[in-house]
Number of protein chains: 2
Amino acid sequence: MNDLGGVEVAVSPKDKFREFLETRSKRLTTERATLVEEVFAMHEHFDTDLMVARLANRKDGRSVSRSTVYRGLTELVEAGLIRRVARTNGREVYEHDYGYPEHDHLICSKCQKMIEFRNTEVRRIIEAIAREQGFQLSGHRLEAQGLCSDCGRPRRHRKLDMI
Amino acid sequence: MNDLGGVEVAVSPKDKFREFLETRSKRLTTERATLVEEVFAMHEHFDTDLMVARLANRKDGRSVSRSTVYRGLTELVEAGLIRRVARTNGREVYEHDYGYPEHDHLICSKCQKMIEFRNTEVRRIIEAIAREQGFQLSGHRLEAQGLCSDCGRPRRHRKLDMI
DNA sequence: ATGAGTGCAAAAAGTTTGCACCGCT
DNA sequence: AGCGGTGCAAACTTTTTGCACTCAT
């Protein structure tokens, strides 16, 4: 049993990845294994750049090239292990999808902070609508934009923008 | 009074754009006027490329350069006239935000078709959650992925992929 | 004269891909 | 021998930006 931040899962991400790869006659190579490990060693959101950087800093030297990271993250998405949650600063942002409860995000337009929230109602509504439309739902992405409590608070000691 | 596909609005998009521009000491130039016109002459979703193409095909020859279209669409978003709804094939997809009722989308992962749906519950839930978090909501984007009824239907006469 | 605006071409930035070599996770 | 896999660098896409010139919505 693995504990992935609140939810227990019987099969490790790595195993799940291997299973997926097998269905495509692909192999769980050292690089792919290193990637899953690194991805699931992290519980925050991340983008490709951050992942490449973390892989470059491993003490065991098992680095993975940028191309392979791109290819691997796509596979992980297809495998249902991670998902693309949002897009910040022009980059795709990822998070765990496996072993992590479904949730959505409030994203601050100013500081880009992402606040997770969980609400089963939203999903239920989407499911109902999909059913009505004969649409085979596979996932969703809900991002609410606005200002977080820090950025939205009117400041009295506002710094001047000019010199 | 203008009719924008179901909702009547007192001020035309162009006027609203002009008002917005004034608050930034910007002018409603010929190019910007042409762009708003073209954007609101269209009732479907569009991306920058399509808009550039349509502008290039105007019979009155009032074309607008690609850079100006990019700059202008950003301004239109800031003005609240259009919004970025989704991202398909690596491109941002836009739609009217002004004079058009709030809604969300089901997006087919195969043919990219976008099906609009309206549901006030979703918005209400997001508002409640934002309130709880002291988050100043400005908008949201909800895209559900899956297969549309056409693409999801199992085909018996499936064409072979090879030659 | 002035400040904003445009178009062009070049630059960014993120992501994908062709290819030669590698290796059996 | 075979097929998938990797890394590198080059290519590609979309979007942004520097700049010189224009214009007055």
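Which residues come nearest to DNA strand D? In this predicted model, 23 residues are found around DNA strand D, and those that come nearest are T29(A), R32(A), T68(A), Y70(B) and R91(B). Both protein chains are thus represented in this group, with T29, R32 and T68 from chain A and Y70 and R91 from chain B. The surface near DNA strand D receives at least two residues from each of four elements, namely α2 (30-40) and α4 (66-78) of chain A and α4 (66-78) and β4 (91-96) of chain B. By class, this surface comprises 11 charged, 10 polar and 2 nonpolar residues. On the DNA side, 69% of the atoms of strand D within 4 Å of the protein belong to sugar or phosphate, and the rest belong to bases.

Individual atom pairs show how the protein meets DNA strand D. A side-chain N or O atom of R91(B) is 2.6 Å from a phosphate oxygen of the strand. For E92(B), a backbone N or O atom is placed 3.5 Å from a phosphate oxygen of DNA strand D. R71(A) addresses a base: a polar atom of its side chain lies 2.9 Å from a base nitrogen of DNA strand D.

DNA strand C is considered next. The protein places 22 residues around DNA strand C, of which R91(A), T29(B), R32(B), S65(B) and T68(B) come nearest. Sugar and phosphate make up 70% of the atoms of this strand that come within 4 Å of the protein. The elements that each supply at least two residues of the surface near DNA strand C are α4 and β4 (91-96) of chain A, together with α2 (30-40) and α4 of chain B. This surface divides into 10 polar, 9 charged and 3 nonpolar residues.

Contacts to the phosphates of DNA strand C involve both side-chain and backbone atoms of the protein. A polar side-chain atom of Y70(A) is 2.7 Å from a phosphate oxygen of DNA strand C, and a backbone N or O atom of R27(B) is 2.8 Å from a phosphate oxygen of this strand. A base of DNA strand C is reached by R71(B), with 2.9 Å between a polar atom of its side chain and a base nitrogen.

The two protein chains also meet each other. The contact involves 31 residues of chain A and 31 residues of chain B. About 2700 Å² is buried between chain A and chain B, with 64% of it on carbon and sulfur atoms. Within chain A, the residues that lose the most area to chain B are F135(A), R141(A) and Q145(A), which together account for 21% of what that side buries. Across this interface there are 12 residue pairs in polar contact, while the number of salt bridges is 0. The elements of chain A that give two or more residues to the side touching chain B are β5 (104-108), β6 (114-117), α5 (120-133), β7 (136-147) and α6 (149-152). Of these, β7(A) gives the most, with 12 residues. By class, the side of chain A that touches chain B has 16 nonpolar, 11 polar and 4 charged residues.

Strand β7(A) is also paired across the interface. It runs antiparallel to strand β7 (residues 136-147) of chain B, and 11 bridges join the two strands. Q145(A), listed above among the residues that lose the most area to chain B, stands opposite G139(B) in β7(B). G146(A) stands opposite L137(B) in β7(B). Within chain A, G146(A) is in addition the bridge partner of C108(A). The strands β5(A) and β7(A) pair in the parallel sense, over 4 bridges. β7(A) is therefore joined both to β5(A) and to β7(B) under the definition of strand pairing.

Salt bridges were counted over all chains, giving 44. One of the salt bridges is formed by R18(A) and D15(A), whose closest N and O atoms are 3.1 Å apart. The two residues are separated by about one helical turn, because they are 3 residues apart in helix α1 (residues 13-23) of chain A. Side chains of opposite charge can pair when their charged atoms come close.

Definitions and conventions: Residues numbered from 1 in each chain as written. Chains lettered and ligands numbered in written order. Predicted model: local features only at pLDDT ≥ 70, side-chain atom pairs only at ≥ 80, totals over all residues. Heavy atoms only, no water. Contact = heavy atoms within 4.5 Å. Buried area = accessible area lost by both parts, 1.4 Å probe. Salt bridge = Lys/Arg side-chain N within 4 Å of Asp/Glu carboxyl O. Polar contact = N/O pair within 3.5 Å; in protein donor to acceptor, adjacent residues only side chain to side chain. Nonpolar A, V, L, I, M, F, W, Y, C, P; charged D, E, K, R; others polar. Near = heavy atom within 4 Å.
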